[in-house]
Number of protein chains: 2
Amino acid sequence: MFKHGPFSSVTSARFLGGFFGPIIKGVRERMLPYQWKALNDEVPGGEPSGCIRNFEIAAGLKDGQHHGFVFQDSDLAKWIEAVAYQLRLAPDEELERLADSVIDLVEQAQMDDGYLNTYYQLHDTNKRYTNLRDDHELYTAGHMLEAAVAYYQATGKDKLLKVMERMVAHIARHIGPNEGQLRGYPGHQEIELALCKLYDITGNKNHLALAEYFIKERGQAPNYFVLEQAKLGRDFPPRGAYGHTYAQHHLPVLEQTTLEGHAVRALYMAAGMADVALRTQDQALMNACRALYQNATQKRMYITGGVGSSHLGEAFTIDYDLPGDTAYAETCASIALIFLCRRLLEAELIGEYADTMERALYNTCLAGMSLDMQTFFYVNPLSVLPEASKKDDRKRHVLPVRPKWFGCACCPPNLARLLSSLALYAYSVKDRALAVHLYIQGDITARVNGQDVSLTVETAYPTEGSIRLRPSDGAYDLMLRLPAWCREYRLTLNGAPHDAQLRDGYLRIKGPFKNAEIALELQMQPRRVYANPLVAEETGKVALMRGPMVYCLEEVDNGARLHQLFLPKHAALTWAQDKAFPGNQVIRADGLRLQSESTSLYSDSPGQFQDAPLTFIPYYAWANRGENEMRVFVHEIQ
Amino acid sequence: MFKHGPFSSVTSARFLGGFFGPIIKGVRERMLPYQWKALNDEVPGGEPSGCIRNFEIAAGLKDGQHHGFVFQDSDLAKWIEAVAYQLRLAPDEELERLADSVIDLVEQAQMDDGYLNTYYQLHDTNKRYTNLRDDHELYTAGHMLEAAVAYYQATGKDKLLKVMERMVAHIARHIGPNEGQLRGYPGHQEIELALCKLYDITGNKNHLALAEYFIKERGQAPNYFVLEQAKLGRDFPPRGAYGHTYAQHHLPVLEQTTLEGHAVRALYMAAGMADVALRTQDQALMNACRALYQNATQKRMYITGGVGSSHLGEAFTIDYDLPGDTAYAETCASIALIFLCRRLLEAELIGEYADTMERALYNTCLAGMSLDMQTFFYVNPLSVLPEASKKDDRKRHVLPVRPKWFGCACCPPNLARLLSSLALYAYSVKDRALAVHLYIQGDITARVNGQDVSLTVETAYPTEGSIRLRPSDGAYDLMLRLPAWCREYRLTLNGAPHDAQLRDGYLRIKGPFKNAEIALELQMQPRRVYANPLVAEETGKVALMRGPMVYCLEEVDNGARLHQLFLPKHAALTWAQDKAFPGNQVIRADGLRLQSESTSLYSDSPGQFQDAPLTFIPYYAWANRGENEMRVFVHEIQ
């Protein structure tokens, strides 16, 4: 059904059982209905959204004022997009009915000239496009456009697509490089990648050109946002968390070599850069994009795939600055990192991109929601002391328990759309090969080497390392990602050891296939992982991982003051499945606790070590047993 | 000359040579003339003060508007107070002339009704006392009152004293517990301890009663500041860095058990509590004060004697929260801690109070100024990465190099007055004993056991541990503090070993004395000091001290990325005098640097250790060789 571009790989998918089956089902059966309620202000105790109501007022169906943020509409957009992906996985009459009805409402809310943004419609339409830096009109349009494309692809219904084509036309009339246009670009990137999707299904090159303009105009002199803010009578200092780096217009994108500013903006931008570069064959732009990826993942990423070290500006800071207890590491930023990785995989089949995607998915993204999928984190720290979160304003953003909903609710629906579209991230097609990036139990079909092929995957990965794959018969290859963390593996074809070529992190199993059954066994020993010594925060400390999953200590298992715990360098790490723990698994080790009986704050004694059994659970499963301390990196001792 | 109360101990003092002689001379010859220029806006490149000019405008001598903070007058007050203390140490015609002339100006600026505060005088006198929470009128009056008392004591001149008695009378008419008065108290404590000084020299019990009222009214219900801010039409949320704890009115002081909020406010309050308790024999108040001291020093103080862990509200946070790289640890807060310790010593002769005083003095306070005494720190961190200070808003307050002056210039003149009045902190009189808290080369006289006695101290302390004391003849005792950090000492009287009673940290050498010469030799080996394991920031790390001085690593001696350095547990520590280093001394040790050749951010290798000679300099001498990294606590390895 995807006709062009990177997301053309998978034509259908079904995920049942395994690790993700229940999660994807949970998104459909619990999260999306719950989020629908939230968008309709029907969640008791949650912050009101006002999202649907804003559309109703804009459509003339209700009286009232706009509620919420300038980008409030985007919450609905992400919900529609998630519903669309779910409808591709399995029919759901109720979700489709709700989506159809709300799309009717969106159409009714659209202005005659094509403009659509309830904030400006309910405030002052004369001010449209006057504050691109802050006011998210293009961002919101981008999300609604992604929803429109996805819903069209899932259902064939084009009502929302037509709405958004009109809105894109409105934008393109007012903003651009031509005489009489505003020479601006989005304050929050997002529409760039959405325009590429619109180009993919329409073939209309104007959409690609607009995306390219937005990418390449950014940061050019004279600085558009400085001029714009001056027109608004506002001084706009270049420095600081909310200066020019905040929205990445400090330099033209081709000259940017580090990821700066607001992490979600920066990574949506990088994803958009890749999208444009892929479609225009722009090597310089792709190289700039790759440099940003490398800066992020080699110098500015938490072990959990979290990015954005500071809550001030929800931003990147400086290389190797990865504090655990004041981290921001927004769920949406890790989702954005996944978007970027997936596009880089389209450009080059290099396993590292998929490794990063998997790191972000199984840790920060999954930690963004509770196991019951009813509460959500924005911020995903590496260590939490609840008392500090309550009393220290520098850590007030670091919540020890997930709230039900947020006034600014970008993360929950973003998670919903990611989890509903995993098929698009798990697979890609390259020449005559179907590449498998993520091991998810299920069946998919894809168009490879001119033929329709299917693949069945059976696995409990990442709980277990055994993966069985049954490709349909035909003349094509399979490329199976061998994660960089995997020290040993075993590959068999129809029961016999198979010697596949390993290149750039992928095992190539050459077709043609005939009744083929492939088994890939990844060694899943718990392992010690160290941050590069350049990371000041973690010097002398170690984290535990197993497969793609980072583990952590929680107070409920290990007692308070987790920073006093030490893991001896040679302590055995014992993994077990155990339903008594959230995530149903646990790593145990014999550790030590540094104690002191002294009340002195400073003394000539470092304290005494006492035996302390250590219990680690998967990071994604933390904060599911009430408020308590959590810590990923633990002191290591010889 | 001090007639009452705690500061009646020393009648005269002269400090030449030794460690502090040149510093005290430097205050007189360089710092006070420099600060006079700053107050007169004559420092090129420094932020303008406007302080003197504000008085000139208020006096009708110039036209113009008020410049600077609402407490701008207090900078002049602290300068006058420092001059007064210097005049007690040695005559200085020029400083006295300047002080006399500016006191004339202050008198001219005073309103007919006695009110004095240039901010309100140059804005709107109808608004006086309407915003006690924020507007520092009582704080500023307190500082000017301290200056008036000190100047009267130093010179016998009472012009400023009369001015301030009129201002105190104005305050007492408008604020207090009686019908028709504002039932308020200072938003920034300070006047409480100043009123006690005024009571000491006048014997007027109204002043003590007003101080006691300010202390005890604080935090009573209904909350005065909530009512006041409501009158101003402002909401005043109780929580957060600028909530009710910020100015310590969250609870009545007798119910406060932890030091909360703005550190300078909190410690000036505690000092005022002690002052009132000492003069009213209020045991409950003194106990409350002691509890606050214990909370500060057992749970909320940096190894350098710095206090106030967060720049948000310049405030205390929670127990054991002592981050090094985001510390606030304002110079003024450590000065305030010294004020508190000195008053507690007056209540009880317990060496710990003097130990804390000394810790704050030789580390945070002295680090508050450059070795040339021309530039100053507000913020005294335990580790600095200059790139982070420039680019990370969370650390922008942590400067790697001292600026010349500040728009808010509380710290430099506060240092000037502390260093000029060290005699009052080094000694006290208790019954028949003269107690020596700080070992400072010089001569002092004091009134002990009904007689005038003198004491000559010869020492290079704390550079060396040898102290010679020659008490004048007479029937009294000497009590010499034995610092808690001192593991071995040798005491001789007239050359023979002397077996003095050691109690509460003091060695009692009983008189009568006749041509007595006492030698105290304190062992000054460099030593390893550990934070209590409850301090998460420093677990697994060690700091070096020698005597009262904390040492630190600087990049200029040890290379960049100081966090990669480790000190082996059994490495020898070699101290030497060495003029090549700021502070003229150095500790050297064979250390290790953890390196990695990998560009991976996370890997299964912790990196490799390489030999790295370590060079530590005294903390107070850091940042005297340009912008570079600094770090106090270093990783320790077995």
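Across the interface of domain 2 and domain 3 of chain A, zero salt bridges are found. A salt bridge here is a side-chain nitrogen of Lys or Arg within 4 Å of a carboxyl oxygen of Asp or Glu. The model is predicted: local features need pLDDT of at least 70, side-chain atom pairs count only at pLDDT 80 or more, and totals for chains, interfaces and linings use all residues. Residues are numbered from 1 along each chain as its sequence is written, chains are lettered from A and ligands numbered from 1 in the order in which they are written, and side-chain values use heavy atoms, with hydrogens and water left out.

The same domain interface holds two residue pairs in polar contact, both at pLDDT 80 or more. A polar contact is a pair of N or O atoms within 3.5 Å; within protein, one must be able to donate a hydrogen and the other to accept it, and residues adjacent in sequence count only if both atoms are side-chain atoms. On the side of domain 2 of chain A that touches domain 3, the residues are three nonpolar, one polar and two charged. In this scheme Ala, Val, Leu, Ile, Met, Phe, Trp, Tyr, Cys and Pro count as nonpolar, Asp, Glu, Lys and Arg as charged, and the others, Gly among them, as polar.

Chain A is divided into domain 1 (10-427), domain 2 (431-522) and domain 3 (527-637). These bounds come from an automatic or database domain assignment. The C-alpha centres of domain 2 and domain 3 of chain A lie 36 Å apart. Six residues of domain 2 are in contact with eight residues of domain 3 in chain A, where contact means heavy atoms within 4.5 Å. About 640 Å² is buried between domain 2 and domain 3 of chain A, and carbon and sulfur atoms give 55% of that area. Buried area is the accessible area (1.4 Å probe) that two parts lose on being put together, summed over both. Within domain 2 of chain A, Pro462(A), Thr463(A) and Trp485(A) lose the most area to domain 3, together 73% of what that side buries.

The two chains come next. Two copies of a chain are related by a rotation about an axis and a shift along it. Chain A is superposed on chain B by a rotation of 180° with 0.0 Å of shift along its axis (RMSD 0.0 Å). That is the relation of a two-fold axis. Gln638(A) has the C-alpha nearest the axis in chain A, 3.6 Å from it. Superposition is by least squares on the C-alpha atoms of residues with pLDDT of at least 70 in both copies.

Of the interface residues of chain A, 100% are also interface residues in chain B, so the copies meet through the same surface. In total, 67 residues of chain A are in contact with 67 residues of chain B. The two chains bury about 4900 Å² between them, with 57% of it on carbon and sulfur atoms. Arg394(A), Leu601(A) and Tyr602(A) lose the most area to chain B in chain A, together 18% of what that side buries.

Six salt bridges are counted between chain A and chain B. In one salt bridge, the side chains of Arg487(A) and Asp604(B) meet (4.0 Å, N to O). The chain interface also has 28 residue pairs in polar contact, both at pLDDT 80 or more. Elements of chain A that give two or more residues to this side include helix H13 (283-299), strand S19 (585-595) and strand S23 (634-637). Helices (H or I, at least four residues) and strands (E, at least two) are DSSP runs, numbered from the N terminus.
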